[in-house]
Amino acid sequence: MARVMRDNTDLVEPPALYESVSYRLRLIQIAAYKSFEKQVSGFGSAPRYYGVLKLVQANPGIHQMRLAEAIYLDRSSLVPIIDTLNKEGWLERRVTSHDRRVKRLFLTDQGEQDLAALDTEVCRHESMMTSGFSTNEKTRLLRDLARIDANLRSYLVDTKGGPEA
């Protein structure tokens, strides 16, 4: 009979995974997402798309294509996300006066208010995740992650493997 693994003490993690930055980042991303969704409720789909909402807040009127590029998605993947956030009242699309095909994104007034409340939950989750980190350690971690992001963006642009690929 196969033994059921109950915790990580029984797990054999090969060096190919243990030493892999990509694997480790993905594993942490999954765990962070699950713990965040467990902690936060009452915000509809917004916790899942917090980054999208914060980018729209910081860049009112951002073009959908630019937003897609910023978060490594192709446009077809972003559209259903925007549709969901629009239906839930978080954001709205507005056409531009010079080209009615161009859609710009803005938070709604209610979206702004609700996002402020969600920010509180995000801060609580961040504190839990970085518990035990000094300010310098957290700053270094963020700087290192930004370097990885820059490397990936450069690679994707150089190889024409960007969001539309």
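# Questions on a predicted model

User: In what order do the elements of the protein run from the N terminus on?

Analyst: This is a predicted model. Its secondary structure comes to seven helices and three strands. From the N terminus on, the order is α-α-α-β-α-α-β-β-α-α.

User: What box do the C-alpha atoms of the protein fill, and what share of the residues is buried?

Analyst: Taken along the principal axes, the C-alpha atoms fill a box of roughly 65 × 45 × 40 Å. The protein has 165 residues. Buried means under 20% relative accessible area. The buried share is 24%.

User: What percentage of the contacts with a separation of 6 or more is between residues 24 or more positions apart?

Analyst: Take the contacts in the protein with a separation of 6 or more. Among these, residues 24 or more positions apart account for 55%.

User: Which strands are the edge strands of the open sheet?

Analyst: The sheet is open and has three strands, with antiparallel pairing. Its order is β1-β3-β2. An edge strand here pairs on one side only. The edge strands are β1 (62-63) and β2 (91-95).

User: Which helix packs on the sheet, and what angle does its direction make with that of β2?

Analyst: The helix touches β2 and β3. It spans residues 75-87 and is α5. Its direction makes an angle with that of β2 of about 115°.

User: How many bridges join β2 to β3?

Analyst: β3 covers residues 103-107, and the two strands run antiparallel. One bridge pairs Leu 91 with Leu 107 in β3. Another pairs Val 95 with Lys 103 in β3. The number of bridges joining β2 to β3 is five.

User: Which residue in β3 is the bridge partner of His 63?

Analyst: β1 and β3 pair in the antiparallel sense. Two bridges hold that pairing. In β3, the partner of His 63 is Arg 104.

User: Is Lys 103 buried, exposed or partly exposed?

Analyst: Lys 103 lies in strand β3. Leaving aside residues up to four places away in sequence, it touches Ile 62, His 63, Gln 64, Arg 93, Arg 94 and Val 95. Its relative accessible area is 30%, and therefore Lys 103 counts as partly exposed.

User: How far apart are the C-alpha atoms of Lys 103 and Lys 54?

Analyst: Along the chain, Lys 103 and Lys 54 are 49 residues apart. In space, their C-alpha atoms are separated by 18 Å.

User: What is the volume of the largest pocket, and which residues are the closest to its centre?

Analyst: The space in the largest pocket is about 1800 Å³. The pocket is lined by 38 residues. The closest to its centre are Leu 25, Gln 29, Ala 32, Glu 126 and Met 129.

User: Which helix gives the most to the lining of the largest pocket?

Analyst: Four helices each supply at least two lining residues: α2 (21-39), α3 (50-58), α6 (109-129) and α7 (135-158). The top contribution is ten residues. The helix that gives the most is α2.

User: How many residues of the lining of the largest pocket are nonpolar?

Analyst: The lining divides into three classes. Five residues are polar and nine are charged. The nonpolar count is 24.

User: Where is Tyr 72, and what is its phi?

Analyst: Tyr 72 sits in the loop between α4 (64-70) and α5. It is partly exposed, with a relative accessible area of 31%. Most residues other than glycine have a negative phi. For Tyr 72, phi is positive, near 65°.

User: Is Asn 151 buried or exposed?

Analyst: Asn 151 lies in helix α7. From C-alpha to C-alpha it is 19 Å from Arg 66, a residue 85 positions apart in sequence. Its relative accessibility is 54%, so Asn 151 counts as exposed.

User: How far apart in space are Leu 27 and Leu 156, C-alpha to C-alpha?

Analyst: Leu 27 belongs to helix α2. It is partly exposed, at 36% relative accessible area. In sequence, Leu 27 and Leu 156 are 129 residues apart. In space, the C-alpha to C-alpha distance is 22 Å.

Conventions
Residues numbered from 1 in each chain as written. Predicted model: local features only at pLDDT ≥ 70, side-chain atom pairs only at ≥ 80, totals over all residues. Heavy atoms only, no water. 1 Å grid on protein atoms, 1.4 Å probe; cavity = no way out; pocket = protein on both sides within 12 Å on 5 of 7 lines; lining within 4 Å. Points joined across faces, edges and corners; volume = space filled by probe spheres on them. Nonpolar A, V, L, I, M, F, W, Y, C, P; charged D, E, K, R; others polar. Pairing = 2+ DSSP bridges. Contact = heavy atoms within 4.5 Å. Axes fitted to C-alpha atoms, helices over the stretch in contact; angles between N-to-C directions. Buried < 20%, exposed > 50% of the residue type's maximum accessible area, 1.4 Å probe, protein only.
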